[in-house]
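Q: I am new to this structure and would like a close look at a single part of it. Could you take me through one helix with care, and place it within the whole?

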Amino acid sequence: MTYATTVIIGAGQAGLAMSYELTTRGIDHVILERGLIANSWRKDRWDSLRLLTPNWQSRLPGGGYTGKDPHGFSGKGELVSRLAGYANTHRLPVKTGIEVRSVTPGPHGYRVHTQIGPFDCRNVVVASGACARPSIPALSLGLPHDLPTFTTFDYKRPSDLPEGGVLVVGGSASGLQLARELQSSGRQVILSAGEHVRVPRRYRGRDVAWWMDASGVMDVGYRDVDDLSRVRRTPSLQLAAGESTLDLNMIQSQGVQVVGRLSAVRDGEALFSGALRNHCDLADLKQTRLLDRFDAWADAQGLAGELPWPDRPAPTELPPVPRLSLKLSSGEIASVLWATGYRPDHGFLDLPVFDRRGQLVHDGGIVTGAPGLYAMGLPFMRRRKSTLVDGAAADAHDLANHMYAQLSCAAAA
């Protein structure tokens, strides 16, 4: 039996940031990681993946980016090395190769069960991330059994897929990046896109990440939005690393065929929604509002004279008659790649902390109904940037303060 005041589950950026904050407050703890540090980045991402945020924005507490390319975009290998170095530099108490099988009530608060035995603790921080499993719609069950299907966890490179055309399902960052990569490999790609969020990579001479950071967009708090549930379901930005803007116009110029959201699979036929034009118009409108906000902020800061004149992206162009179906046995496609997002995996929590949809109920990372249980790295958990590397520091600071206050009160009682 091992005891620590706090057990952190997961050694990605969220778990490491939390460990740093607990260390500075003198709270003894241990990090349990099922694989190696940054395991999801190592194992569950495709080869060509690069971060969507510039290097300067990889700011963990006590350890910002110190390399020679602050405006570059790290590949997954660079990020893994950086996170492992961060843990080593700060001597964070990471135990690798330990799989958490369940968390139950325990004599001190919680008991964390693993393959090497239980850990008893007062607090648990679930930092296993928002992208623990691919999210695949139920309609996937209607696909022909002999049609190969892949997720963004399975896919590492184009050669992983059989020869022939590919239906990529999902119109956010992952879907567009992989559709472009597969099209460039010589395959014909059909991209199924529904609701999406469009932004330019650069605007008025600055990276969009700079605009969102400087103007405060990424620091908007979870209590400052009208419909938190809807905001937490918002698709990720259509972005790619580097200088070029990634949107539906760009991938269509490379030969990708864009269709509407995959709405059903019936009698061997994929059916696509006819609402693609509406989704694109809404994305264009939201992009315009965001750029208007940037311009207003620049004017208020007196920066308008230092920046180039606004150059707005062209509206999304689509074929006048959208395609509404695809016969899956026609040979037009040889595989399906699901890029329909991710979801957390909290199945190891054997505690009454879920709603009727199986989602963890929490108030800014403080799990309701389970004192001493915390979460890190979930969508819009405390701020818009909560799932980003750059968002881990502020969230960990807040939650560590809350934990320290709770422990101090208990000690004084």
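A: What follows begins with the whole protein and then turns to helix 8.

The model is a predicted one, and in it the protein has nine helices and 25 strands. Its radius of gyration is 22 Å, close to the 22 Å that the globule rule gives for 413 residues, so the protein is as compact as a globular protein of that length. The C-alpha trace spans about 70 × 60 × 40 Å along the principal axes, and buried residues make up 51% of the 413 residues. Among contacts with a separation of 6 or more, 69% are accounted for by residues 24 or more positions apart.

Within this setting, helix 8 covers residues 276-300, and because a helix should span 1.5 Å a residue, its 25 residues are expected to span 36 Å, which agrees with the 36 Å between its end C-alpha atoms. The buried residues of this helix begin with Leu 276, His 279, Cys 280, Ala 283 and Asp 284, continue with Gln 287, Leu 290, Leu 291 and Phe 294, and end with Asp 295, Trp 297 and Ala 298. The cover over these buried residues includes parts that come before helix 8 in the numbering, namely strand 13 (197-198), strand 14 (202-203), helix 5 (208-214), helix 7 (248-253) and strand 17 (257-259). Just after helix 8, Gly 302 takes a positive phi of about 75°.

Terms used: Residues are numbered from 1 along each chain as its sequence is written. This is a predicted model: local features need pLDDT of at least 70, side-chain atom pairs count only at pLDDT 80 or more; totals for chains, interfaces and linings use all residues. Side-chain values use heavy atoms; hydrogens and water are left out. Helices (H or I, at least four residues) and strands (E, at least two) are DSSP runs, numbered from the N terminus. The radius of gyration is taken over C-alpha atoms; the globule rule is 2.2 Å times the number of residues to the power 0.38. Buried means under 20% relative accessible area, exposed over 50%, partly exposed in between (1.4 Å probe, protein chains only). Contact means heavy atoms within 4.5 Å. The expected span of a helix is 1.5 Å times one less than its number of residues.
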